[in-house]
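The following paragraphs lead from a single backbone position to the helix before it, and then outward to the chain as a whole. Please keep the sequence and the model in view while reading.

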Amino acid sequence: MDGLEALRARYLGEIGAAADEAALEAVRLAALGRKGEISLRMRKLGGMDPEARKVAGPALNGLRDEVEAALRARRAALADAVLEARLQAEWLDVTLPARPRPGGSIHPVSQVMEELTAIFADMGFAVAEGPQVETDWHNFDALNIPPEHPARQEHDTFFLHRLEGDNRPPHVLRTHTSPVQIRAMLAQGAPLRVIAPGRVYRMDMDQTHTPMFHQVEGLAIDRDISMAQLKWVLEEFCRAFFEVEGVELRFRASHFPFTEPSAEVDIRCSWAGGQLKIGEGDDWLEILGSGMVHPHVLRSGGVDPAQWQGFAFGMGIDRIAMLKYGIPDLRAFFESDLRWLRHYGFAALEVPTLPGGLSR
Ligand code: PHE
């Protein structure tokens, strides 16, 4: 049959040159559509004499197959090119941070509260809370500090002003977290194991004192609690908190109205070169007061001292934050200086856990 070779060359050429789906479809219709050139020729086969048809039939079939295959291949190539172009255009560096670094940071005091809560939770202590505006009774009387007791003067208390005729009980800004001992005992009874982190207030201001600061109270009450357990808990806490193997504590006999016997605890540290280091050196820094809960205090909390004993401690959170993170001046904690916060602050989304590492 005439001209097949020319047809073949033209269509294969046009298919190769088709730049998109639409152009390719136009070529297909021109060749193989109902009125397409190849289709029309095939339709004419019927009118041929048998000899000529024997030659022309297979040749046309072969051409049709070849054009169809070329169309399929070109269609696939066009689809690949479209995908490739899209991938290039929508390219994304997945190693870039998904969001800009959050602007805020966690204050060292909050960080340390999270850390110590994780450590004491691991030892079975739950968190208890109490109000910062506290009754005089919870802050003093219930803790075995009667009105004429000298300890009241030592606490440099902020008293709340009362209007004449106001006969509600007198209130103070709590001078320590110890009133939470009373509240926890009254609310939960014995046995009991709680810590109470929070703000406390005293009228005092110099390089190591601010009128507001933070303490964490600890209280464990059970049938046979001993001073040895108190010591173990505090040593265990300090090792975990400071993340230093060689933490060394010194227990000094002391006096608190609400514990008997009482001990103050110092931690060994060094100030060499103005750098504060824990667990080495010849300096000692007082970090907490502690002791066995006084029977009067148990009674104030509705707990029978004939059946239950307990230990308690109160620790300065700001102090241990300064020690752990080498922060020299306490006053800076409360100045809200953004430069200070950026320097000493912690990433907002990293919650300290024991297995995850406290301060990483
Ligand atoms: N409340 C005491 C203080 O503020 C600390 C303390 C708590 C001491 C519990 C003994 C037991 O100094």
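**From one glycine to the whole chain**

Glycine 326, just after helix α11, adopts a positive phi of about 60°. The model is a predicted one, and this backbone angle, like every value below, is computed from it.

The helix that precedes this glycine, α11, covers residues 317–325. Is α11 mostly covered or mostly exposed? It is mostly covered, with seven of its nine residues buried; burial here requires under 20% relative accessible area. The buried residues of α11 are Ile317, Asp318, Ile320, Ala321, Met322, Leu323 and Lys324. The list thus includes Asp318 and Lys324, which belong to the residue types counted as negative and positive, respectively.

Helix α11 is part of a protein with 12 helices and 12 strands. Across the 360 residues of the protein, 40% count as buried.

What are the overall dimensions of the C-alpha trace? Along the principal axes, the trace spans about 135 × 50 × 50 Å. The radius of gyration is 42 Å, whereas a compact globule of 360 residues would have a value near 21 Å.

Contacts and surface complete the description. Of the contacts between residues at least 6 apart in sequence, 66% join residues at least 24 apart. The accessible surface comes to about 19,900 Å², and carbon and sulfur atoms account for 55% of that area. The protein carries 39 positive and 51 negative charges, and the mean positions of these two sets lie 11 Å apart.

Technical notes: Residues are numbered from 1 along each chain as its sequence is written. This is a predicted model: local features need pLDDT of at least 70, side-chain atom pairs count only at pLDDT 80 or more; totals for chains, interfaces and linings use all residues. Side-chain values use heavy atoms; hydrogens and water are left out. Helices (H or I, at least four residues) and strands (E, at least two) are DSSP runs, numbered from the N terminus. The radius of gyration is taken over C-alpha atoms; the globule rule is 2.2 Å times the number of residues to the power 0.38. Buried means under 20% relative accessible area, exposed over 50%, partly exposed in between (1.4 Å probe, protein chains only). Contact means heavy atoms within 4.5 Å. Accessible areas come from the Shrake-Rupley method with a 1.4 Å probe; for residues, only the protein chains shown count as cover. The place of a charge is taken as NZ of Lys, CZ of Arg, CG of Asp or CD of Glu.
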